[in-house]
Amino acid sequence: MNKKIKQFLSAIIIFLMTFTNVNFGFLNTNKVMAQENSNKSTNGENYQNKEETKIQGSTINSVINGVIDYYNEEHFLKNQGQLQNYEYSAMYRAGADLKKKSWYLDEKYQTKYDKEWKCLGTKVNQSTVLLDLEKNPNDFEGRNLINEIAKEVDENTSFFSQIDIKAVITLDEYNMKFKEKTVNYNTQNAVQGVLKAQCEDGGFKERRSSSPINTAYAIKYLSRHKDIKGANEAIVKGVNYLHKLQKEDGGIYEATFITGYSAEVISGLLAAGEDLKSEKWTKASGKNPVDSLFTLWKQNNSFDNKEGESSNNRGWLEATWKAFYTLVDLKKAGYGDYLVKGIDINKYGKGNEEELEEKTCKVNVSIVLPKAEGYDVLIKPKEVVISNKKHKNGFTALGSLEATTSLYELSGKMVTSIFGYENKGQNGWIYSVNGNVPSIMPQDMDVKPGDKIIWYYSMNGISGKVPSWEELTGTIINVEKIDYDKTIRETADKVVEKILKGNLEFDWYALALNKLGKKVPDTMLSSMSKKVKDAKGIFDKETDYEKLVICMLAAGGDPTNVDSYNLVDKIYNSTMSQGLNAYIFGLIALDSGNYEIPKDAKFTRSKIIRYILRAKTEDGGWTYSGFKADVDMTAMAITALAPYYNLREDVKEAIDNAVKLLSKLQTENGGYISWDKENSCSAATVMVALCTLKIDPIKDVRFVKKGKNLVDSLMTFITKDGDGFGYINDKLDDFSTEQVLRAFASYNAFKENSLLYKIDKVNKGKMEVEDITDKKEFKLGSLEKIKVKVTNNSNALKNATLVMALFDENERLIDYVSVKRKLKAGDIVELEGGLKMPQNGKYNVRAFVWEDINELNPLTEVISVPVLK
């Protein structure tokens, strides 16, 4: 058990800033020679006749050479001679001479959120890069990445998401390249997992609806397993789905053309054997999917990802290597001599490069050193002009420094010196943009006109406090002091007064009323019970069960016995067909009453947590669909995982990164934008997450922007009568009113050292724990003890384990002790653990009580006691 406990209690290492690459799909990975031996044109001759060779344009072969030139020239200069992961492997696949330049070649695929290849997505991406470089991922830095991927794939019994499909593609690629070291995995299970993701329209889903990219990966994988029942039919349906999406420009997309996505779709169709030059794929405009790949082709031989990204976004980095991968796939498929009309290759150094149109961006910059009292301002706040012609780092934070002074030095992507002041130990240069300290390197941080960038020499690493622009310019505004607690309390009372006079149509009101200390009307429990009885205990959605469990419990009911229906059982024995939302609220519901999960249940807490963690986006959050984090889903995932923050290192790491992301996404109004609109529901959902983590949503500096916090934002949506809230304005919206009231209830629980989703109930048939420790604080140098009383209210033999652990100020585990007892039905026992406190230093003691340490069945919240002198 010691090993298990250490896994739960070991502290996380603080992440340093690193360059983050964007996730990318898996394409064909056979070795590419520098030149093709055959110059014969193939396929679709009637759609590209011999006369067209005289039309202005470039062949796929010449475009590939042009992209290589781009990397060797412009990319080399702007990225300090670095080729990282997919950029490196893309050049290798294309047969580029990597000795032509003094490249710094980095094969590692690491994000700042997963430096140790813990997540399936990171393992898959790293393995793909290595395979493309003809290296063995099963012998990489002491890791067997392919074995690890195969294990996770075989454990997946749900439908396969995009990363799952990429994983099995990677396994196939490995087995093709390393035939003598084949790694077996359950191919039948994998194919069935992919088939489960197919929707009625023929596409394959990531969450609920079809996605072109998921479909492309699915047909690529299934094309290698046509011998398995259902694969052929699914491929045909998937190809037809993509064909129906094709636009007149030849592209295959839903609403907006994105180069990287288009590249992945093309590669999937090539793998399925589709002739993309045929009449089937040629629109009335004469364009086909190959032509559409060049929609955002740039004169410097690179690609933009989305329209308008050249100036204000570095999306071309991802778009270019994704397109490059697909260009090589096209070449291998026989499209090397295909002529792309209207595309001219820039011949670097040949004197025919067109003059680059100058674009500028005006920003404000200051460079500051600390001193005993105040700051030593080296460059007073001033406006500088960044030019895309004069400043190679473009419209980025580093570009602002370049436009301010040439007296700075870089090491890789890190600024190591400005005006001769060099980084030393933890001391060094950091920067802020509009009062926020980004967690990415300065050349990756885009800036826009009017932004305020401060370069500051911190004496405390990235945790150093950067001065505000107002401090440097002497324009600090004295904000009127607001009694937020009173505002929340009085507003909540007015809303409650109104809803109690109404029909209480939302079951969720029971939870808010409970946590606000109000009486929940008996009619609410009766209404919910009637729903269950009328439905005979069967609902279409898992979230219906989950909501009812939480709300009936809050209303004083027993969700395990509603007219003999056990709603809790319906959660842990469900199919979780709704995906991430069902897992999140399933975990919240199970924890709301500390419900015990049978060992033979379909879903244990550990399985649910594992799924939620696997669903992370690469930017550190969670989403309903797509690849970038959504504010609401990220906040809800944090809320579900919060009780396990101090129990599991992987959960702690995921939450820490997600909190950083939410801080970054907060607007200057203190609120949040979702679906392109700043709204009350998103701000309310974040407030619940922070309160569940015991983070003060009003005072925590990470969540105060220009003096505005979440409550300031929420109060902008209050109705004129002050008894309700709107969604995007002050027009009453009942759903938004419930969401905000729930957020205020979570704040009330936070102030009372409780949690919104932890609901007191009669522990009939359950285990009950009472903290009977006689001290509220411990002293250095003394022997200190934690004591709890455990009551077994069930009719069965139960376990109870107390773990008392000592952590230092850096959250590192220093020492621990554990005590385990078996309790017969009706037993009441006291468990006591003791530790000798160190003589010096800053420490905190935490105690955890579990019924089942393997399945993480908690009996209490974390007991925390500070250690003082």
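## An exposed asparagine to start with

At 57% relative accessibility, asparagine 753 counts as exposed, because anything over 50% falls in that class. This is a predicted model, and in it asparagine 753 sits in the loop between α27 (734-751) and β16. Its backbone is a bit unusual too: asparagine 753 isn't a glycine, yet its phi is positive, at about 60°.

Asparagine 594 makes a nice companion case. Here phi is positive at about 50°, again without the residue being a glycine. You'll find asparagine 594 in the loop between α21 and α22. With 28% relative accessibility, asparagine 594 counts as partly exposed.

## The chain as a whole

Stepping back, the protein chain has 869 residues, and 56% of them count as buried. It holds 27 helices and 24 strands. If you take the contacts between residues at least 6 apart in sequence, 68% of them join residues at least 24 apart.

## A helix under cover

Now for α23, which spans residues 631-641 and is mostly covered: eleven of its eleven residues are buried. The buried set includes Asp632 along with Val631, Met633 and Leu641. Thr634 and Thr639 are also among the buried residues of α23.

What do the buried residues of α23 pack against? Their helical neighbours are α21 (580-592), α22 (605-614), α24 (649-665) and α25 (680-692), and there's a strand in the mix as well, β14 (672-674).

## α8 against α9

Two packed helices are described by the angle between their axes and the distance between the axes. For α8 (residues 212-223) and α9 (residues 231-245), that comes to an angle of about 150° with the axes 9 Å apart. An angle over 145 degrees counts as roughly antiparallel, so that's the label for α8 and α9. The crossing of α8 past α9 is left-handed.

On the α8 side, the contact is made by Pro212, Thr215, Ile219, Leu222 and Ser223. α9 answers with Ala231, Ala234, Ile235, Gly238, Val239, Tyr241, Leu242 and Leu245. Sort the residues of this contact by type and you get ten nonpolar, three polar and no charged.

An α-helix has 3.6 residues a turn, so residues three or four places apart point the same way. Keep that in mind when looking at Ala231, Ala234, Ile235, Gly238, Val239, Leu242 and Leu245, which are among the α9 residues in the contact.

## A three-stranded sheet

Back to β16, the strand on the far side of asparagine 753's loop. β16 belongs to an open sheet of three strands, ordered β16-β18-β21 and paired antiparallel. Which strands stand at the edges? They are β16 (767-771) and β21 (828-836); each has a single partner strand, so one side of each is left without a neighbour in the sheet. On average, neighbouring strands here are turned by 25° against each other, ignoring direction.

β16 pairs with β18 (residues 783-792) in the antiparallel sense over five bridges. If you want a spot to look at, glutamate 768 has threonine 791 in β18 as its bridge partner.

## A hairpin

Strands β19 (residues 798-808) and β20 (residues 813-823) also pair in the antiparallel sense, over ten bridges. Methionine 804 stands opposite valine 817 in β20.

How many residues lie between β19 and β20 in their hairpin? There are four, and glutamate 811 in the turn has a positive phi of about 65°.

Conventions
Residues are numbered from 1 along each chain as its sequence is written. This is a predicted model: local features need pLDDT of at least 70, side-chain atom pairs count only at pLDDT 80 or more; totals for chains, interfaces and linings use all residues. Side-chain values use heavy atoms; hydrogens and water are left out. Axes are lines fitted to C-alpha atoms, for helices over the stretch in contact, and angles run from 0 to 180 degrees between N-to-C directions. Helices (H or I, at least four residues) and strands (E, at least two) are DSSP runs, numbered from the N terminus. Angles under 35 degrees count as roughly parallel, over 145 as roughly antiparallel, 65 to 115 as roughly perpendicular and the rest as oblique. A crossing is left-handed if the near helix is turned anticlockwise from the far one by less than a right angle, and right-handed if clockwise. Contact means heavy atoms within 4.5 Å. Ala, Val, Leu, Ile, Met, Phe, Trp, Tyr, Cys and Pro count as nonpolar, Asp, Glu, Lys and Arg as charged, and the others, Gly among them, as polar. Two strands pair if DSSP finds at least two bridges between them. Buried means under 20% relative accessible area, exposed over 50%, partly exposed in between (1.4 Å probe, protein chains only).
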